Structures are given as C-alpha cells and as structure tokens.
Amino acid sequence: MGDLGSNTRLLRSDLVAKWCIAVLISVVLVGPITCAAKIRHFRWEVEYKFWSPDCVEGIVMSINGQFPGPTISAEVGDTISVKLTNKLSTEGVVIHWHGIRQLGTPWADGTASISQCPINPGETFTYRFKVDKVGTYFYHGHYGMQRAAGLYGSLIVLPGEGEKEPFHYNGEFNLLLSDWWHKSAREQEVGLSSVPFRWIGEPQSLLINGRGQYNCSLAASYSNSTSSAQCILGGGEQCAPFVLPVLPNKTYRLRLASTTALASLNVAIGGHKMVVVEADGNYVQPFAVDDLDIYSGESYSVLIHTDQDPRQNYWIAIGVRGRRPNTSQALTVLNYLPNSASKLRLAASDHPSLERLQPQQSEFNGQTKWSINNVSLSLPPTPYLGSIKHNILGAFDPRSPPASFPADYDVMRPPANPNSTVGSGIYTLKLHTTVDIILQNANALDANTSEIHPWHLHGHDFWVLGYGEGKFAPGDGDKRLNLKNPPLRNTAVIFPYGWTALRFVADNPGAWAFHCHIEPHLHMGMGVVLAEGVGAVRRMRMPGAAFACGLTAKMVANDGGRG
C-alpha cells in the first residue's frame with residue numbers, strides 16, 4: 001500500500017445536484033453579456049531575460065520584455081485573444097488563465113498535455129476565450145515549472161458598462177505575490193526527479209509585483225533587530241519596492257493574488273484592518289481581519305480605509321506561513337501623501353510560523369513522488385482533450401484511478417508500504433452530475449510530518465463545505481459540513497493531518513486538471529484529471545493547432561488543422 005498523502009474520495013448524488021444548481025444560480029457572479037462586449041487583442045512573446053527581482057541578477061521568463069507579464073484588464077463578457085509566440089530556444093510553453101472557467105473553450109485552458117500541446121520554440125498559438133465573471137484573476141505558465149521561473153501576470157475582470165460592484169472605493173492597487181529562487185527552475189526540476197532526491201529548498205526571497213530584496217531589509221534602519229543590513233536603493237532598480245501612494249481618509253481596494261511556487265503567505269498592513277470583499281472571483285459577505293493568510297492559487301480583494309495618522313507611512317508586510325521561516329519578509333510602503341515614502345516607523349515584527357514541515361511522500365523506482373490514492377500522475381505525450389475529442393485509444397491509461405483509499409488507512413502514521421504506482425488514468429464524469437470530493441491529508445514518509453496543500457480545480461468553481469482535523473468519517477460528515485451558505489472558490493487548502501470537503505457541478509465539458517498548486521508537488525505527481533461530458537467534447541469545434549503533437553498530430557493534419 002503506497003503513501004496516500006492527499007487521498008481523494010468521489011461521491012455523487014442526484015439529490016444533492018438539485019441543491020447545488022439552486023445555489024449556483026444565486027451565488028455565482030456572472031455579469032451580463034451585452035452588445036458592448038469587446039474583443040481585446042494581445043500579441044505576446046515569451047523569452048528569457050536577465051533580471052534582478054531581488055537585487056541579485058538571474059534569468060526570468062518574460063512577456064514582451066516585462067516581468068511580471070503585462071496585466072490584462074477587461075470587462076465581463078469581453079473576449080480575450082492572446083497571440084502567443086514562443087521565443088524560448090529549447091523548450092515549449094503554455095499559459096493557464098487561472099480562475100477563468102473557459103466555458104465552451106476547454107482547449108484554451110492552457111495546461112500542457114491536458115488541454116493542449118506545448119507551443120514549440122518559434123511557433124505561435126492563439127488563445128481565445130470569454131471572461132464571464134467579474135473578479136481578480138491571474139495567469140501563469142503550466143508546463144514543467146515555468147511558473148517558478150517567473151511566467152505569470154495579472155488578469156482583472158471589471159463589471160460591464162452600467163454595472164456596479166456591491167462596495168465603494170476611491171482607488172485600487174494590484175499586488176501579485178510570488179516566491180523566488182536563485183536556483184533556476186530547470187535545475188529544480190532535475191533535482192526533484194533525481195535519485196537521490198534533491199529538494200528545491202526554501203525560496204531566497206518573496207516578491208511583490210516581481211520586486212523583493214535579498215540579504216538586506218527595507219526596514220533595517222527602523223527595527224531593533226540587526227539581523228539584516230539596510231537596503232540602499234535609489235528607486236529605479238528592478239528590485240526597488242512597489243510603493244502604494246494613498247490619500248488620507250479614503251477607501252482603497254487591494255487586489256491580492258498568490259502565484260507562489262511553494263510558500264503560503266500572510267499579509268498584514270501596519271495599523272490598518274482589511275475588509276475582505278472578494279475571494280477567487282466571488283463576492284463574499286464582508287468581514288474584517290488584522291491579517292490574511294493567502295495560499296498559492298488564491299486571490300482576494302480587501303478594502304482598507306486610510307484613517308491612521310496622516311503624518312506617518314505604514315508597512316505592508318508579506319511573510320511565510322506553514323514552513324520554516326528561512327525566507328525574509330517582503331516589505332513595501334503604504335505611503336500617505338504628501339509624506340516622503342522614506343518616512344517610516346518601526347518595522348512590523350516577523351509573522352509566527354506553523355510547525356516544521358518536510359516535503360516527503362511516496363517512492364517509485366527510487367524517485368520521491370506524491371500520489372493520490374496511491375497513483376502518481378504522469379502526463380501523456382498526447383493531450384487528454386485531443387484524445388477524447390478524436391476518440392483515440394491507447395493515448396492514456398483507460399482505467400480510472402481508485403475513487404477511494406482503504407478504510408483502515410492510518411493517516412496519522414507514515415505508510416506501511418511507501419511505494420506508489422505511476423499512471424495516466426482519468427476520472428470520467430457525466431455532464432450535469434454533482435461531484436463531492438473529500439481531500440484527505442496524511443502523514444508523509446517521515447514520522448510526524450504532514451504538508452499544507454492548496455488544491456486548484458480548472459474549469460469550475462466549487463463550494464467549500466467544510467474542513468476538519470484527523471480522518472474524515474463519512475457517517476457523521478453532514479453534521480460537520482456547511483450546506484447552508486458555503487463559500488465558492490476555485491482553490492482550497494487541506495491542512496496537515498486534516499480533510500477538506502468540496503462540491504461542484506460537472507457542467508463544463510472538457511478535460512480539467514485538479515491538482516496541488518505547489519509547483520514541485522504537481523511536478524512530482526500530485527494531481528488528477530477529470531474528463532467531463534465526453535459526448536459534448538466530441539461535438540465541439542476546436543483549433544487543430546492545440547493538438548498538433550502525439551497521436552493527434554496526423555489526425556489534425558488530415559483534417560486540415562480544423563480540429
């Protein structure tokens with residue numbers, strides 16, 4: 001029996017489906033699609049550039065010479081068209097539009113080997129999709145570990161003409177949060193697949209909008225601590241902080257999104273409360289917090305009121321949660337105008353960290369893997385979506401992975417048998433059915449070790465019905481679940497030795513990834529693929545360029561590239 005660090009249980013109920021559909025109609029924020037909707041065209045080139053994100057020069061993946069990539073801003077109902085050219089010399093590329101449901105356009109989801117072939121060096125591929133929900137989103141690479149290499153940017157969907165959001169603010173800022181290594185993403189990949197295993201280690205820096213500082217602190221001169229030197233920056237450096245200029249007694253919206261490869265983060269603003277109003281593109285009943293945990297793949301909007309002493313400026317601090325605090329905080333400044341941005345008080349203290357966590361899981365042929373119900377995901381050379389559309393046999397394992405795990409599995413101890421299998425099978429879902437998923441965390445290979453895992457579902461939002469500690473017990477599950485007003489998300493966390501219950505309606509034909517959003521964990525096999533509405537997929541029109549590789553290449557060529 002292999003390691004079951006993130007076991008998955010699938011439950012279906014037609015009775016529940018009726019409830020889910022009713023709530024879906026009342027909760028999902030679908031804006032009106034009017035005649036004013038536009039087609040927004042973008043031409044992007046992806047290439048490596050020398051850059052100094054944390055004041056140490058390395059290479060980043062850039063878009064049109066920018067890092068992070070350009071921000072896309074559109075109105076609900078608009079169509080986004082991105083003509084993407086791969087100018088990398090030796091590797092393919094794709095871009096996933098995180099949180100965009102891709103209704104009717106599953107081929108544009110941007111997941112290599114799932115929704116499309118990688119775009120080869122020198123080739124161009126056009127993504128074309130509609131944005132149907134207001135909210136704070138982002139995009140990122142979804143091939144290998146290109147997100148860790150810096151391939152990401154923001155995507156903001158605004159209300160349509162004449163529509164308003166249910167809260168008021170005077171201005172807004174967009175903060176894209178990430179972590180950064182001095183070791184290249186390619187070197188990290190090789191280490192994860194090596195025997196013996198080489199972990200990527202903790203990030204050297206945290207970045208706010210692609211900017212951080214390594215081996216120095218913006219706050220050293222304002223702190224009683226002498227652990228770091230004061231950063232000496234003129235403001236024009238690539239690593240200079242992204243300062244937020246504000247006026248006193250105004251309300252500002254901060255759009256926060258985490259594209260981290262590993263780190264779970266905590267956000268705090270000195271002297272200011274934050275009122276959360278949006279999560280993963282869904283409005284929430286507003287609630288106030290002093291600080292906010294944000295996990296990889298999540299996005300939020302918070303409102304702050306600049307009601308503090310206008311003669312001062314205030315720190316915005318981003319710290320690591322849930323891992324050893326080896327990475328220094330990212331800091332920037334809430335700059336009350338007309339003060340100088342350098343006028344600051346004592347720095348915020350370090351955020352508390354959770355218990356020490358080690359990244360270990362199952363084994364396969366000597367390699368360290370993550371597995372789901374004892375199967376570590378291995379993506380096939382032919383994209384699942386193309387194989388399903390063209391009804392190709394032999395492109396992936398036709399057997400479905402296990403839908404559950406042994407009832408007597410002890411989640412509090414290391415697995416009795418650490419070995420797992422590797423597979424490419426998929427879960428097949430009938431259209432319009434309701435799917436309940438219990439994500440069960442467990443002990444990893446080392447004793448007293450269990451990880452945090454943020455799980456992201458492509459093509460859907462889901463209801464988070466509940467969290468719990470220990471092993472989920474189906475018999476009393478309904479007593480522990482929120483069936484009245486559960487939050488609607490596209491990313492949810494399973495905590496160490498805990499479980500998380502999710503529910504969604506399979507109403508979007510396609511092949512969809514569901515996976516841990518920690519980049520090395522996905523690379524090591526922590527994910528599954530859901531094939532939804534197979535009959536509807538086969539009737540869809542899709543661009544042949546999405547499937548011009550593997551077993552679909554000849555079929556697409558014979559079809560004149562029409563798909």
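This is a chat about the disulfides, nonpolar cores and cavities of a predicted model.

User: Hi! Let's begin with the cysteines. How many disulfides are there?

Analyst: Hi! The count comes to three disulfides in this predicted model. If you number the bonded cysteines in sequence order, they pair as 1-5, 2-6 and 3-4.

User: OK, which cysteine does Cys55 pair with?

Analyst: Cys55 forms a disulfide with Cys239, and their sulfur atoms are 2.0 Å apart. This pair links distant parts of the chain, with the two positions 184 residues apart. Cys55 sits in the loop between strand 2 (39-51) and strand 3 (58-63), while Cys239 is in the loop between strand 11 (205-208) and strand 12 (244-246).

User: Is that one right-handed or left-handed, and why?

Analyst: The torsion about the S-S bond of Cys55 and Cys239 is about 95°, so this disulfide is right-handed.

User: And are those two cysteines buried or exposed?

Analyst: Cys55 is partly exposed, because its relative accessible area is 31%. Cys239 has 4% relative accessibility, so Cys239 counts as buried.

User: Nice. What does Cys117 join to?

Analyst: Cys117 is joined by a disulfide to Cys549, with an S to S distance of 2.0 Å. Here the two cysteines are 432 residues apart. Cys117 lies in the loop between strand 6 (95-98) and strand 7 (124-130), and Cys549 in the loop between helix 5 (534-539) and helix 6 (553-558).

User: What's the handedness of the link between Cys117 and Cys549?

Analyst: That link is left-handed, with -90° about the S-S bond. As for the surroundings, Cys117 is buried with a relative accessible area of 5%, and Cys549 is buried with 17%. The cut-off for buried is under 20%, which means that Cys549 falls inside it too.

User: What about Cys216 and Cys231?

Analyst: They form a disulfide with sulfur atoms 2.0 Å apart. Cys216 and Cys231 are 15 residues apart, each in the loop between strand 11 and strand 12. Their S-S torsion is about 95°, so the disulfide is right-handed. Both Cys216 and Cys231 are buried.

User: New topic: the inside of the protein. Which residues touch the most other members of the largest nonpolar core?

Analyst: Those are Trp44, Trp97, Tyr127, Phe504 and Phe514, in a core of 83 residues.

User: Let's zoom in on one. What does Tyr127 touch?

Analyst: Leaving out residues up to four places away in sequence, the contacts of Tyr127 include Ile80, Val82, Leu84, Ile95, Trp97, Trp107 and Ile119. Ser81 and Gln116 are also among them. Apart from the core that includes Tyr127, there is another core of 30 residues, among them Leu175, Ala263, Tyr300 and Leu334.

User: Last topic, the cavities. How many are there of 30 Å³ or more?

Analyst: The structure holds four cavities of that size. About 60 Å³ of space lies in the largest cavity.

User: Which residues line the largest cavity?

Analyst: The lining is made of Ile372, Val375, Leu377, Pro401, Gly423, Gly425, Tyr427, Gly527, Val528 and Val529. By class, seven of the lining residues are nonpolar and three are polar, with no charged residues.

User: And which strand gives the most to that lining?

Analyst: Strand 33 does, supplying three residues to the lining of the largest cavity. Strand 33 covers 527-532, and strand 23 (375-377) also supplies at least two lining residues.

Key:
Residues numbered from 1 in each chain as written. Predicted model: local features only at pLDDT ≥ 70, side-chain atom pairs only at ≥ 80, totals over all residues. Heavy atoms only, no water. Core = buried A, V, L, I, M, F, W, Y, C linked by side-chain atoms within 4.5 Å. Buried < 20%, exposed > 50% of the residue type's maximum accessible area, 1.4 Å probe, protein only. Contact = heavy atoms within 4.5 Å. 1 Å grid on protein atoms, 1.4 Å probe; cavity = no way out; pocket = protein on both sides within 12 Å on 5 of 7 lines; lining within 4 Å. Points joined across faces, edges and corners; volume = space filled by probe spheres on them. Helix = DSSP H or I, 4+ residues; strand = E, 2+ residues; numbered from the N terminus. Nonpolar A, V, L, I, M, F, W, Y, C, P; charged D, E, K, R; others polar. Disulfide = S-S within 2.5 Å.
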